[in-house]
Each structure stands twice: as C-alpha cells, then as structure tokens.
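Work through the exercises below with the model open. Try each task before reading its solution.

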Amino acid sequence: MSDLIAFRNPTEESPWARRLLIGTVVSILSLLLFAPLFVVFSEALSRGWMTAVESLGQRDAWQAIRLTLTVAAISVPMNAVFGLAAAWAITKFDFRGKAFLITLIDLPFSVSPVVAGLCLVLLLGANSTLGGMLVGAGVPIIFALPGVVLATVFVSFPFVARELIPVMIEQGRAEEEAALTLGASGWRVFRTVTLPNIRWALLYGVLLCNARAMGEFGAVAVVSGRIRGETATMPITIEMMYNEYLSVAAFTLAAVLALLALMTLALKSILEWYHADALAATRRH
Amino acid sequence: MPSMLIRRSAMPGFNLAMGITVTMLSVIVILPIMALLMRGLVWGPAEIWATVSSERVRGALFLSFRLSVLAALFNLVFGVMLAWILVRYRFPGKRLIDAAVDLPFALPTAVAGIALTTLYAPNGLFGGIAADMGLRIAYTQAGIFVALVFVGLPFVTRTVQPVIAEIEHEVEEASASLGASRLTTLRRVILPMLMPAALTGFALALARSVGEYGSVIFIAGNIPNRTEIAPLLIVIRLEEFNYNAAAAIGIAMLLISFLMLFAINLIQIWSRRRIGYV
Amino acid sequence: MHIQIEEIAKAYGTTAALHPVSLAIPSGALVALLGPSGSGKTTLLRILGGLEFPSSGRVLLEGADAAGLTVQERRAGFVFQSYALFRHMTVFENIAYGLRARSRLSRPPAGEITRRVTNLLELIQLPEIGGRYPSQLSGGQRQRVALARALAIEPRMLLLDEPFGALDARVRRELRAGLREIHDATGLTSIFVTHDQEEAMELADLVVVMSMGRIEQIGRPIDIRSNPATEFVREFVS
C-alpha cells in the first residue's frame, strides 16, 4: 500500500537521530565506564592468573581484606539500625523540625569525605581534649580501628534511611494502626507488619551502604594513619601498593573490590526488576 | 526527648526510635562537625581568612570548584541524553547500560582512580592516542575533569529518568497537533519539564565533585597551584600536623557544600510552587 | 471542512481496534462518536488527527487524501482527554504555543499573537487568567484553556476526546453549552468522543454509535432514539 509510507509516530525522533544519540552515549560510556572497569581486570591479570592469586595471598593484602570485612561488619549494621529508627520516627509520627531532621540525615552526602575525616580527627585526635582523654584511658580512636569505623559510618550514614523513608511514607500508617487495634505489641507490629513491607527497600539500602563502606577512601585515609595490618583497609592498601609500583598487587586487590561492585550492581538490578513495586517510591525520589 | 512537640499518637516507639536517631546523628555527624567549627572559632575568623585567601589554598579551592562545575555541566547534558535513551528507546544492551550507570556509585573511588590513571596516562590506552595528537590528559587539569565526570555520572541520569517516565504522551501529541516539529517539542515542552530534576542532579553531582578525593589524586599530578585540589591540601596540612590550616580549608569547603544544599532546596521549592511537582 | 472516511481499519498486532468503517461528515457539523470503552471511537478520532496511522483505508479532507499529511500539517485542533496542558507554561503561553511554534516566516508578529490570545481568552470567558499556571486552575477552566489552545492555530476541524470526562455534573452541563456556542461561532466541523449517550444526544447534530470497532448506526439524535438500528443501539441509548 502506497499510503503506508513513512508514518512516523509524532512522539518519536527520526531513526537516524536515535541512532546518533545511542551511538554517542554508548561511545562516551565506553570511554568513561566500561574501559576503566576492563582495565582493572586486565592489569590484574597482566602477569597471569598465578601472579594475581599469589599477590592476594601476601600478608598486606590478606590483612587489608580482613580489616575491610571487619569494618563493614560493624558499620553496616549500625547504619541499618539507625536507618530503621530514623525512618520509623520520621514516617510514623508528626513532630516539629522534621524537615530539619531529614536535612541533617542527608548532610554526610554533601560533606567531602576528607572533611569528614578531618572533623573526626579534630574531635577525637590525640591532641584534642576528648581524644587525649581516650588515649590516656588506653582507647585510641584516631589511627586505630574505631576511627576507621566512625569515618565509614559517617560517609555511609544516610543510605538506609534515605531508601526507607519514601517507601514508608507511601505505605502510610494504616496497617500498623490496624495491628495495634488487634492487640499486637509495638515490637510485634514492627516485626510482623512493618518489616515485611519494607524488606526489599531495606536490603537495597543495606546493599548501597555496604558498597560505600567497603570502598571508602578519603575519610579513612585521613583517620587511619595508613598503618599496615592495623588500619590499612583495602582501598588504602591499593593506594600504598600503587605508589610503590606494585601494579599487579594493587590491581588485583582493586579487582576484588570491582567484583564486589559488580555484584552489588547485579543484586541491585535484580531487586529493581523483581521488586519494582516495593521500591517504586525510592526510585521516584 | 521533645515528646511535647509531637502530636499525641497511638503509634508506639517514638522515644526509642527518636533516641537512637538523635544519639547517633549527634555522635557521628554533628559533634565532629561542631569540633571543626569550634576549632575555627577558637583560631579566629581573621586567621581562617588569611589561610583561605593565601594563593595556594585559594588556587586549590578555585580549581576544585571550577573543574567540578565543568564536569557537572558535562554530566547535565550527557545525563539527560542518557536518561532519554534509557527510558524511550529500545536497543540491545539497554538493561546492561541501565545497570552500569550506577558503577561510579558502587566502584570504590580509589579503584576508579588507578584505573582512569592507567587508561589516560601518556603510556596508557587512551592517553597514548591523545599523546600522539599532542594532548596530555592524566597529570593535567583535563585528567581531573575526566575523574570528576566519572564520579558525577549517575546523578543527573538518575534524577531525570523517573521524570521522563512520567511525562504523559498526550502532552507531546498536543504539541505536535499544534504544529510544533519534534525538535520544537523537545526544546520547548520536554526540556523545561526535565529542568528542575536535571538541575537537582547537577547540584548533587557538583556537591559530590567538589569534595571528591579518591578518584582524583591519582590522575591529578598534584602540582601546587596547577593540579592540586582542595581536599588534597587538607590531607597535606594534616600530615604536617597543621590542624588549624586544615580546619580553615575544611570550613571553607563545608561552606561551599551548604550553599550547594541550599541551592538544591531552592530549586525544588521553586519548581514545586510553579508546576506542582519536582 | 468536509471529512470523508473510507473503509478505515486499524489493528494493533493481531487485535483489530477498528474494522473497516466508512463515514461522511458534512462541513460545519457537530458530530458525536458514541460508544462504550473499547468501541474504537478514540482510535478513529486519533486517526483523523494524524496521531495514528490506519492499517488500511483512507481519510479525505475536503476531497484530498490526508495520508501524506503529518500531525503538524493537518492542523486539527485536538483537545485531549487529560487536556495535556503544558504545566511549566502560563495559560497565555499555552494558548500562544501553536503560533509561536511556527517557522519564522509564517509566525504572526508578537502583537498579533497577544491580540489573538486575548480574544480567545474572552471567547472562553476567562479573560483574567492568562498569567496563571495550569496547576492553579479548576478542572472546568483547564478544559476551556485546552479548547482555546486548540482554536489558536486556526484549525481546519476540532477534535475532542471525552472533553467532559473528568468533570462533575454541574460543570459538565455548563461546558456543554459553551462548546455548542463556540462551535456555532466558529463554524468548525467538530467531532467529539463520548461514552455518555445523554451528552451525545443533547449536543450533537449527528451521532455515530460505535461498538467493538464497528459503526452500529449513524443518524440525528432523534432518529437514533426513535429508530435504533440494532439491539446494541437500543440498549445503549435507553
């Protein structure tokens, strides 16, 4: 039929414009995202699998991995508890200053990690009043594990709360109120009504929080003092190895973190595809 | 707990939840920031100003801010394009790209830093090509720009994507039926609708870039007054145990962050008042 | 403008939204496409407006085949069910949009645009609201602004998709009279889609009853009432 010629949907761009746009975007992404990711693995394996695996077995690398896992294991649950508490207070109650509280919770996202580390050093460093007392009592914070944990909690502070708040606002209070009228205790309501409703959003927040916690560099660099085996987390160790021209070792450790990042992204995508409804409010935020 | 301030509620757990929230917020975020501000106060505004306005510090702050603005502008344009094709077009690999957009959020900055440096150094894959054309990327301001673009990449895309998804088809059809070409519709109808979200993403990317450290220090070269960013200068001052100077620079950066936060809120209030959504 | 619809059909994949339908609409008529949801009335309207392309058949506008005309060239004043007002523009900017979107050569000068928009605001009896944003208007006001916006481009016909669908009963009756007045004042061939038989019967010169992608009956309201052609029509209009 001759009159079927070239009807273009009025809400679409022409095919060549689409191709041009897709081509441009994919090229830029290749230069900026895919190539760096590829380089991490290709550099790690540049001397073969054996060298890479051996470098992971060395003491520095091994201790860094253990330290990073320890820090994440402490700081992520802390942030999860905080996120749940903050979201509960903010979404289930009306009080003055709520908007200000939300702003404060978001604050760590707008503070440079280095400045965050600096703040902690000034509060708890050995030459501050408080820090001096703590060192005197035999509990050093800065240049020790507690400082690394505090810095990590600071930079990943808002993640869980931020994911939970929009979801819990959307779900309202009716279900909890219903459970209360049926005689359930407050704790029971939280466990049996609220938690099942927000579990995917919580997991999502924990995932992002964990990725940030394991990868934090700037804040930890400032508070850790870069002590091998004690405060040198994986990112810090990567920096030290890279500066010592231990390229394969640095990139192998980097590849481990990159794999973790890829796993995080995969899990995140799976959550978004299969639990889109439960996360809808989050995505719109 | 200021339970007097809340309206009476049948919901349990306010004191516990609020207690945890306020305690953790105070100990981890507010007290340390107060410590920074106190340090500045004790040292004196005049001294802070003298430090911040010295050539090297001023240069570093200006460099961080200027390159962050440039990188965020790049991401503003690129982020809108990326969001558009992810929502509107179908093409092979789309889901992969959609997932990969968040890579800069998930990939530790130190990893990104050494990877970008390896790629864009004169003996690297892309840096080599650039060197053949007489350009240097790594160890120059161009390198810092590349790192900051990487770090800020997801912000605009992620704020704009849901807005594009919610545009009613009928609005675009209305524009076409009134005689507007596709380009006119995109320019006069679609872009203005995306602007508030895009600007929010821009401000978020900017805030992130100004304070960025990990991905930049490897690629920057760190030459004072040329490629030395403000966060690095803080680290240097701390290593010299010059806490006062470090605090002064930190306060200046904090101020920039607050101004940025303020700007984000203004954008959102303004767009909500005008068009009833963000 | 005289509109001739010849054997128009539309299928989405394998499901037929419109079986071949034919219809002649005399110049200056006010026509209702009446039917339940899924009857194909909106699809037919969108084909007339150039928003959708028929699978087969053709539309003749004033005797000329419309197949080659894009939406932009068709100059059909289309009023959408959701009104589709541009939220970031004032009422004035909304109405002026079609004129300002024209190429530099055919665009009226700014003063002329202002004059026309002012006239249209008076025509819809809302002369004061030019500076407001759509979010600040009532439902009825939005509908009238959408109508004025469609009229601003000096359309060759007026196509309205459920123009009163989202309004409450009282506003509905008011605006019905308003549409009749505007139609009579402009003399435009106007076609509106509705599922409300009372609305169709009261307002239209000619009613086209549709069901399941087919035309059941075409006639004046009085003929359809007194002489329903099929069982479906009898039940639907009773």
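**Exercise 1.** Decide whether Leu279(A) is buried, partly exposed or exposed, and say why.

Solution. Start with the scale: a residue is buried if 20 or more other C-beta atoms, placed from the backbone, lie within 10 Å of its own, exposed if 12 or fewer, and partly exposed in between. Leu279(A) has 21 C-beta neighbours inside 10 Å, so it counts as buried.

This is a predicted model, where local features need pLDDT of at least 70, side-chain atom pairs count only at pLDDT 80 or more, and totals for chains, interfaces and linings use all residues. Residues are numbered from 1 along each chain as its sequence is written, while chains are lettered from A and ligands numbered from 1 in the order in which they are written.

**Exercise 2.** Place Leu279(A) in a helix and list what it touches.

Solution. First, the helix: Leu279(A) sits in helix 14 (residues 276–284) of chain A. Helices are DSSP runs (H or I, at least four residues), numbered from the N terminus. Next, contacts: C-beta atoms, placed from the backbone, must lie within 7 Å. Leaving out residues up to four places away in sequence, Leu279(A) touches Trp200(A), Ala201(A), Tyr204(A), Leu271(A) and Glu272(A). Finally, Arg199(A) is 80 residues apart from Leu279(A) along the chain, with 9.9 Å between their C-alpha atoms.

**Exercise 3.** Describe the contact between chain B and chain A.

Solution. Count first: 74 residues of chain B meet 75 residues of chain A. Then find the top contributor on the chain B side: helix 1 (residues 14–43) gives the most, 15 residues.

How values were computed. Contact = placed C-beta atoms within 7 Å. Helix = DSSP H or I, 4+ residues; strand = E, 2+ residues; numbered from the N terminus.
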